[in-house]
Amino acid sequence: MAHFPSALRQAFSTNLLTLTKFRDLLKKIKRARPNEDLALLRRAYQFSAQSHLRQVRLSGAPYLSHPLEVAHILADLRLDVPTIATALLHDVVEDTGVTLQEIRENFGQEVAHLVEGVTKVNKLDFASREERQAENMRKMLLAMVDDLRVIFIKLADRLHNMRTLQYLPPEKQRQIAQETLEIYAPLAHRMGMGKIRGELEDLAFEYLDPIAHQEIRQEVEGKRRAGEDLLKEVASLLEAKLRENEIQARVEWRIKRLYSIAQKMKRQKTDINQVYDLLAVRIITRSANDCYAALGVVHSLWSPVPGRFKDFIAMPRPNLYQSLHTTVVGKTGQHFEVQIRTEEMHRIAEEGIAAHWKYKEGGLYSAADERSIAWLRQLVEWQQEMSDPTEFLSTLKIDLYPEEVYTFTPKGKVVVLSRDATPVDFAYAIHTEVGNTCVGAKVNGKLVPLRYPLHSGDIVEILTQKGGHPNRDWLAFAKSPRARNKIRHWVKINERATSVELGRKLLEKESRRYNLALKNVSAEELMKAAQAMSFPTTEDLYSAIGFGKLSPRQVLARLFPGSALEEQTEKKSLAQTVQKALGISREAALQVKGMGDLLTYRAKCCEPIRGEEIVGYITRGKGVAVHAKACPNVQNLLYESERRIDVEWAASTEDTYPVQLVLRTHDRPGLLKELTAAISEKTNIRNMETKIAESGDATIDLTLDISDKKHLERLILAMRKVQGVREVERLYKV
Ligand code: MN
């Protein structure tokens with residue numbers, strides 16, 4: 001006689017319970033999809049049972065019961081085997097030590113992809129976000145998944161969690177119920193999944209407003225007995241009359257759900273007696289024609305309430321709900337609603353898009369799938385809740401490439417951007433000033449380059465700096481029209497400011513050279529001269545000089561007619577003119593002071609640092625670009641030799657320059673520590689990112705603040721000495 005220890009006996013009985021539940025699941029699927037191969041499900045069940053072994057729900061039930069229930073909900077929707085297998089596995093990656101790789105190896109790419117999708121959605125934390133962002137949250141959720149089946153699984157998961165919510169602490173209950181009402185129930189509604197939506201709403205309502213829920217339940221209970229009697233009588237009368245008229249149909253009845261009663265009473269500011277569709281009879285026919293015939297039967301039996309007839313067959317609702325609705329008055333004076341629809345319409349009303357969604361073997365779309373995608377598009381197009389329907393349409397392109405990314409500020413505000421948007425787009429979406437002074441960005445707490453493509457769910461923090469400013473180079477990666485316009489605008493204004501400044505100086509210097517008293521020329525005269533040369537303002541005139549479109553002498557000749565100017569034939573190079581203008585003698589070079597100098601700037605391609613050999617290049621309107629002599633771009637630039645100007649570093653200042661380095665190393669313990677020690681505490685490390693390849697080789701991207709060339713050389717030498725470092729290279733953007 002076996003004498004099981006109680007723990008073992010318990011394990012045995014729960015095992016039996018879940019096994020029975022699994023057998024029921026298989027039966028259910030066999031009924032809906034007789035030709036389906038169920039081996040995948042058996043393996044998924046065993047795998048899930050193994051992984052969740054010894055895990056227990058707060059209800060005390062074995063954890064396995066949860067994925068099983070979720071699978072049942074999806075099987076009731078007649079979804080495909082991979083979806084149901086995923087339901088069985090949906091929590092193993094998140095809650096047990098199993099990796100996605102293992103799922104892929106055991107169950108293939110399709111299931112792994114679905115599990116990954118559900119895991120990703122589970123990581124979204126709606127609770128910590130700002131209020132009134134529900135719409136964006138729903139959109140984000142949709143944008144994040146590339147397969148609608150992920151949403152079906154998530155909805156089923158949520159439904160079962162709501163059904164077992166009583167086991168959680170009250171605070172958690174409220175939070176989950178709120179999220180359900182704001183995010184998941186509307187999502188189910190949008191998908192046309194009336195049944196799941198209804199249950200989610202009623203469950204959430206009970207936890208969020210227990211008093212109102214209790215009140216309405218009592219009121220409904222008070223009417224239930226009378227209502228049920230009436231509806232039973234109505235139903236049997238209807239069945240007889242429909243038979244008489246040879247209309248094949250079945251008749252159902254229901255009492256309206258509590259949450260929709262509460263909503264209706266609130267919306268219409270009425271009491272429960274005014275809710276005409278509290279009691280409803282449903283006639284489900286074989287054809288649309290029969291719907292209208294049945295309507296005739298209904299109206300011959302009871303008088304319709306004027307203004308309550310609605311033809312949603314001819315004019316479907318946005319989520320493609322179709323039915324005839326009419327409200328009639330019963331014998332006792334009690335109102336009730338009659339809904340008439342075909343079987344197909346009924347299925348869509350209850351299951352929505354899930355009713356359409358069938359994946360074919362090998363992932364090929366059938367004509368029916370194409371229709372369901374078109375259907376989804378239409379659904380979205382008809383969304384009346386949206387202020388901008390086109391905006392929503394683009395997010396719901398579930399076939400299946402999201403056009404938008406949903407990102408967050410550190411405080412949880414949603415920022416919607418277009419695909420491949422960068423931190424620069426994000427910064428300008430926040431505020432123009434933030435964009436204009438943006439110098440760096442952190443995504444999910446990590447420093448990233450400004451050209452980094454953002455993903456849905458990223459938390460983006462923009463680093464700004466007083467005096468920071470946009471850069472022409474940003475135009476190469478900024479995506480949003482807003483950011484691009486703002487950058488262009490800034491560049492234009494600032495290039496102009498520089499060119500006006502340069503033009504003014506050039507004109508002054510040139511006038512001094514010829515001993516012409518420019519200060520005696522009045523503002524009006526200058527303006528006249530400008531307009532005579534077809535420049536609307538004096539500033540435009542200066543700017544033209546600065547840009548090199550106009551020589552200062554041409555202007556002086558106009559301002560001082562008859563002066564000795566014309567005789568001066570000595571031809572000056574542009575460089576000489578600039579040198580003159582800036583008060584530099586012909587032999588001396590232009591002093592490069594460092595950062596923040598209006599007239600000189602370090603070229604973005606090579607970013608020379610103090611001590612490096614440099615070459616100046618007079619740009620059109622941006623002042624003098626300072627390149628390293630070694631910069632590959634210099635060769636090209638020097639084709640225009642007249643734009644070349646000698647430059648040299650001004651006496652040392654406190655300035656430092658960010659310099660990017662790439663280190664190729666063999667990774668070993670302690671490497672980073674020694675490396676940072678080699679860099680020494682006096683040098684600021686702006687950024688350090690390590691990528692380790694499978695071979696054990698590592699690439700380290702490093703940005704250091706460097707004061708001059710010697711400083712850099714010293715550091716490179718020190719880093720090369722660290723064991724395991726193979727190569728240290730300065731990074732140029734070419
Ligand atoms: Mn779950």
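**A guided tour from helix 22 to the manganese site**

Select Ala544 first; this residue is placed in helix 22 (residues 538-546). Helices here are DSSP runs of H or I with at least four residues, strands are runs of E with at least two, and both are numbered from the N terminus. The model is predicted: local features need pLDDT of at least 70, side-chain atom pairs count only at pLDDT 80 or more, and totals for chains, interfaces and linings use all residues. Residues are numbered from 1 along each chain as its sequence is written, and side-chain values use heavy atoms, with hydrogens and water left out.

Ala544 has a relative accessible area of 3% and is therefore buried. The term buried means under 20% relative accessible area, exposed means over 50%, and partly exposed lies in between (1.4 Å probe, protein chains only). Now add Val500 to the selection: its C-alpha atom is separated by 7.7 Å from that of Ala544, and the two residues are 44 apart along the chain.

Next, select Ser534, in the loop between helix 21 (523-532) and helix 22. Ser534 is not a glycine, yet its phi is positive, at about 55 degrees. With a relative accessible area of 63%, Ser534 is exposed. Asn444 offers another positive phi in a residue other than glycine, near 50 degrees. Asn444 belongs to the loop between strand 9 (438-443) and strand 10 (446-448), and its 48% relative accessibility makes it partly exposed. As background, most residues other than glycine have a negative phi.

Proceed to the manganese ion. Which residues coordinate the manganese ion? The ligands are His66 (NE2), His90 (NE2), Asp91 (OD) and Asp157 (OD), at 2.2 to 2.4 Å. Donors are N, O and S atoms within 2.8 Å of the metal (3.2 Å for Na, K and Ca); water is not among the atoms, so sites may look incomplete. The spacing of the donor residues in sequence is H-x23-H-D-x65-D. His90, in the loop between helix 4 (81-89) and helix 5 (92-95), and Asp157, in helix 8 (residues 148-163), are 67 residues apart, and this pair links distant parts of the chain. His90 is buried at 0% relative accessibility, and Asp157 is buried at 3%.

Finally, display helix 4. Is helix 4 largely enclosed or open? Helix 4 is largely enclosed by the rest of the structure, because 9 of its 9 residues are buried. Among them are Val81, Pro82, Ile84 and Leu89.
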